[in-house]
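The following exercises are to be worked through with the sequence and the model at hand. Each task is followed by a solution in steps.

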Amino acid sequence: MKAIIVYQSAYGHAGQMAGKMKEGLEESGLEVTLSAAKKTDPKMLLDHDAIIFGSPVRMGSVGNEMKTFIDTLGGVWLESALQNRVGGVLVSGGGFNAGTEMTQPALYSTLMELGSVMVGFVNDMPGYGTGANHWGPYAQVGLEGKDGPSEDCLTVCYEYGKRVAGVNKSIRG
Ligand SMILES: Cc1cc2nc3c(=O)[nH]c(=O)nc-3n(C[C@H](O)[C@H](O)[C@H](O)COP(=O)(O)O)c2cc1C
């Protein structure tokens with residue numbers, strides 16, 4: 001079983017989150033590829049059971065490199081080639097209520113167009129409310145980008161990786 005995390009990260013925060021999620025997925029037995037959005041060919045996704053998108057919040061929405069990558073997915077979408085994969089998201093924002101909860105569903109919508117079965121985050125999991133909402137892990141890195149990702153956020157990413165792996169086993173195993 002294989003997972004791929006496609007992400008954009010200018011200052012390393014979303015990258016750190018992706019690294020922790022990778023640990024949670026690997027702990028659960030998945031083989032994981034971390035892939036920078038600008039170096040990801042859409043065909044790479046075909047070989048993976050679980051697909052995670054990670055982005056910083058940029059002007060209230062998805063970052064430019066992730067958006068450019070998303071716009072390359074038309075071909076695999078047209079062929080319904082990625083249906084029934086397990087989908088998840090991670091998002092790093094600078095502030096509170098400054099677009100994180102808009103960026104998460106923006107990433108969801110693409111994964112759902114591709115036919116993914118989405119995995120959220122549950123309110124009895126460690127870090128809920130401080131490092132994740134129901135849509136998945138988020139970081140709040142502050143105006144100067146020095147505040148995160150917090151320990152809670154990194155714990156969330158690890159736990160979310162395990163949850164994605166569990167759902168993956170039910171659906172793809
Ligand atoms: C051009 C630009 C626009 C940004 N817009 C937002 C925004 O609308 N809301 C927000 O919370 N953070 C915003 N930020 C802060 C980024 O979310 C922050 O730099 C990012 O989470 C850091 O993650 P990274 O290190 O993975 O790039 C913006 C940053 C840049 C450079």
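**Exercise 1. Locate W135 and describe its surroundings.**

Step 1. W135 belongs to the loop between β7 (132-133) and β8. Helices (H or I, at least four residues) and strands (E, at least two) are DSSP runs, numbered from the N terminus. Residues are numbered from 1 along each chain as its sequence is written. The model is predicted: local features need pLDDT of at least 70, side-chain atom pairs count only at pLDDT 80 or more, and totals for chains, interfaces and linings use all residues.

Step 2. Is W135 buried or exposed? A residue is buried if 20 or more other C-beta atoms lie within 10 Å of its own, exposed if 12 or fewer, and partly exposed in between, with C-beta atoms placed from the backbone. W135 has 20 other C-beta atoms within 10 Å, so W135 is buried.

Step 3. Two residues are in contact if their C-beta atoms, placed from the backbone, lie within 7 Å. Leaving out residues up to four places away in sequence, W135 touches V89, E101, Q104, P105, Y108 and G120.

Step 4. The C-alpha atoms of W135 and D147 are separated by 21 Å, and these residues are 12 apart along the chain.

**Exercise 2. Carry out the analysis for M118.**

Step 1. M118 is found in strand β6.

Step 2. With 17 other C-beta atoms within 10 Å, M118 is partly exposed.

Step 3. M118 touches G87, Y108, L111 and M112, when residues up to four places away in sequence are not counted.

Step 4. M118 and F96 are 22 residues apart along the chain, and 24 Å separates their C-alpha atoms.

**Exercise 3. Establish how β5 is covered and with which strands it pairs.**

Step 1. How many residues of β5 are buried? The count is 8 of its 8 residues.

Step 2. Assign the directions. In a regular strand the side chains alternate between the two faces of the sheet. V86, G88, L90 and S92 point one way from β5, while G87, V89, V91 and G93 point the other way; all are buried.

Step 3. Identify the partners, given that two strands pair if DSSP finds at least two bridges between them. β3 and β5 run parallel and are joined by 7 bridges, with G87 in β5 as the bridge partner of I51. Strand β6 (residues 117-118) runs parallel to β5 and is joined to it by 2 bridges; there, V117 is the bridge partner of V86. β8 pairs with β5 in the parallel sense over 3 bridges, and V91 stands opposite Y138 in β8.

**Exercise 4. Check the length of α1 and determine what it packs against.**

Step 1. The expected span of a helix is 1.5 Å times one less than its number of residues. The 15 residues of α1 should therefore span 21 Å, and the end C-alpha atoms, 22 Å apart, agree with this.

Step 2. The buried residues of α1 include H13, A14, M17 and A18. K20, M21, K22, G24 and L25 of α1 are also buried.

Step 3. The buried residues of α1 pack against β1 (2-7), β2 (31-36), β3, β5, β8 (136-140) and α5 (151-172).

Step 4. Just after α1, G29 has a positive phi of about 95°.

**Exercise 5. Characterise the shell around the ligand.**

Step 1. A residue is near a molecule if its C-beta atom, placed from the backbone, lies within 6 Å of it. The ligand is surrounded by 20 residues, of which S9, Y11, A14, G93 and G94 are the closest.

Step 2. Which elements give two or more residues to this shell? They are α1 (13-27), β3 (50-58) and β5 (86-93).

Step 3. Ala, Val, Leu, Ile, Met, Phe, Trp, Tyr, Cys and Pro count as nonpolar, Asp, Glu, Lys and Arg as charged, and the others, Gly among them, as polar. The shell comprises 8 nonpolar, 11 polar and 1 charged residues.

**Exercise 6. Describe the chain as a whole.**

Step 1. The chain has 5 helices and 8 strands, in the order β-α-β-β-β-α-α-β-α-β-β-β-α along the sequence.

Step 2. The radius of gyration, taken over C-alpha atoms, is compared with the globule rule of 2.2 Å times the number of residues to the power 0.38. The chain's 14 Å is close to the 16 Å that the rule gives for 173 residues, so the chain is as compact as a globular protein of that length.

Step 3. Of the 173 residues in the chain, 47% are buried.
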